[in-house]
Amino acid sequence: MRVNHAGEIAAQALYHGQALAARSAQTRELLLKAAAEESDHLAWCEERLRELQSRPSLLNPFWYAGSLAIGALAASLGDRISLGFVAETERQVEGHLDEHLNRLPERDARSRAIVQAMRADEMRHGASARDAGATELPAPVRALMRHTARIMTGAAYWM
Ligand SMILES: [Fe+2]
Ligand SMILES: [Fe+2]
């Protein structure tokens with residue numbers, strides 16, 4: 001749950017950064033709406049972490065700052081690329097949540113319900129970005145994003 005929590009911080013920051021530099025009002029609105037839902041996810045994860053007597057990642061301020069900068073950079077490349085970034089981010093998050101669901105014990109119904117609800121929202125975020133004209137990002141960019149996410153999730157797990 002700590003990794004999910006850190007991921008939601010990063011997602012929210014990405015979309016805030018992208019919204020700041022979005023070209024059209026429509027794209028900005030889509031990004032802010034997704035960011036608001038990431039903020040709900042963040043609250044669910046935070047509550048669950050508390051219930052499990054755990055704590056959020058100490059690195060969260062870095063995830064926020066780094067992701068905000070990456071989001072602004074992605075948006076500076078134009079709205080279609082920016083939306084492509086959303087679509088790819090959400091696809092990877094969905095994959096991560098699937099893996100997490102496989103590892104979560106059946107008896108932890110509460111964590112499972114949270115992850116499932118987030119997964120449904122992330123799929124919707126990805127679909128709305130694609131509907132709004134997202135371009136498919138080049139394979140090396142997608143690989144770089146996967147690599148970055150792996151470093152982040154690894155670090156957030158331990159710290
Ligand atoms: Fe989310
Ligand atoms: Fe999302």
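Author: A donor is an N, O or S atom within 2.8 Å of the metal; water is not among the atoms, so a site may look incomplete. The model discussed here is predicted.

Reader: Which protein donors serve the iron ion (ligand 2), and at what distances do they lie?

Author: Glu-38 (OE), Glu-122 (OE) and His-125 (ND1) appear in the list of donors, and Glu-90 (OE) appears there twice. Their distances from the iron ion (ligand 2) are 1.9 to 2.7 Å.

Reader: How many residues apart in sequence are the parts that Glu-38 and Glu-90 tie together?

Author: The donor residues of the iron ion (ligand 2) follow the spacing E-x51-E-x31-E-x2-H. Glu-38 belongs to helix H2 (residues 25–51) and Glu-90 to helix H4 (residues 79–103), so the parts joined by this pair are separated in sequence by 52 residues.

Reader: Are Glu-38 and Glu-90 buried or exposed?

Author: The threshold for burial is a relative accessible area under 20%, with the protein chains only taken into account. By this criterion Glu-38 and Glu-90 are both buried.

Reader: Which residues coordinate the iron ion (ligand 1)?

Author: The coordination distances for the iron ion (ligand 1) are 1.9 to 2.4 Å. Along the chain its donors follow the spacing E-x29-E-x2-H-x80-E. In that order the residues are Glu-8, which is listed with two OE entries, Glu-38, His-41 and Glu-122.

Reader: Which residue bridges the two iron ions, the iron ion (ligand 1) and the iron ion (ligand 2)?

Author: The two iron ions are 3.9 Å apart. The residue that bridges them is Glu-38.

Reader: Which helix holds both Glu-38 and His-41?

Author: Glu-38 and His-41 are both buried. Three residues separate them in sequence, about one turn of the helix, and the element that holds the two is helix H2.

Reader: What elements make up the secondary structure of the chain, and in what order do they run?

Author: The chain has six helices and zero strands. Read from the N terminus on, the order is α-α-α-α-α-α.

Reader: Which elements give two or more residues to the largest nonpolar core?

Author: In soluble globular proteins, nonpolar side chains tend to be buried together. The largest nonpolar core of this chain has 17 residues, and those with the most contacts inside it are Tyr-15, Leu-31, Leu-83, Phe-85, Val-86 and Ala-129. The elements that supply two or more residues to this core are helix H1 (2–20), H2 and H4.

Reader: Which residues does Leu-83 touch, not counting those up to four places away in sequence?

Author: Leu-83 is one of the residues with the most contacts inside the largest nonpolar core. With residues up to four places away in sequence left out, Leu-83 touches Thr-27, Leu-30, Ala-129, Ala-132 and Ala-134.

Reader: What radius of gyration does the chain have, set against the value for a compact globule?

Author: The C-alpha trace spans about 45 × 30 × 25 Å along its principal axes. Of the 159 residues, 45% count as buried. A compact globule with 159 residues would have a radius of gyration near 15 Å, and the chain agrees, at 15 Å.

Reader: What share of the contacts with a separation of 6 or more comes from residues 24 or more positions apart?

Author: The contacts considered are those in the chain between residues with a separation of 6 or more. Residues 24 or more positions apart account for a share of 82%.

Reader: How are Glu-51 and Arg-48 placed in helix H2, and is Arg-48 buried or exposed?

Author: The side chains of Glu-51 and Arg-48 form a salt bridge at 2.7 Å, N to O. The two are three residues apart in helix H2, and therefore about one helical turn separates them. Glu-51 is partly exposed, at a relative accessible area of 35%, whereas the relative accessible area of Arg-48 is 10%, which makes Arg-48 buried.

Reader: In which helices do Asp-98 and Arg-119 lie?

Author: Asp-98 and Arg-119 meet through their side chains in a salt bridge of 2.5 Å, N to O. This pair links distant parts of the chain, 21 residues apart: Asp-98 lies in helix H4 and Arg-119 in helix H5 (residues 109–131).

Reader: Which residues are joined into one network by salt bridges that share partners?

Author: The structure holds 12 salt bridges. One of them joins the side chains of Arg-112 and Glu-106 at 3.9 Å, N to O. Salt bridges with shared partners form one network of Glu-47, Arg-48, Glu-51, Asp-108 and Arg-110.

Key: Residues are numbered from 1 along each chain as its sequence is written. Chains are lettered from A and ligands numbered from 1 in the order in which they are written. This is a predicted model: local features need pLDDT of at least 70, side-chain atom pairs count only at pLDDT 80 or more; totals for chains, interfaces and linings use all residues. Side-chain values use heavy atoms; hydrogens and water are left out. Donors are N, O and S atoms within 2.8 Å of the metal (3.2 Å for Na, K and Ca); water is not among the atoms, so sites may look incomplete. Helices (H or I, at least four residues) and strands (E, at least two) are DSSP runs, numbered from the N terminus. Buried means under 20% relative accessible area, exposed over 50%, partly exposed in between (1.4 Å probe, protein chains only). A nonpolar core is a set of buried Ala, Val, Leu, Ile, Met, Phe, Trp, Tyr and Cys residues joined through side-chain atoms within 4.5 Å. Contact means heavy atoms within 4.5 Å. The radius of gyration is taken over C-alpha atoms; the globule rule is 2.2 Å times the number of residues to the power 0.38. A salt bridge is a side-chain nitrogen of Lys or Arg within 4 Å of a carboxyl oxygen of Asp or Glu.
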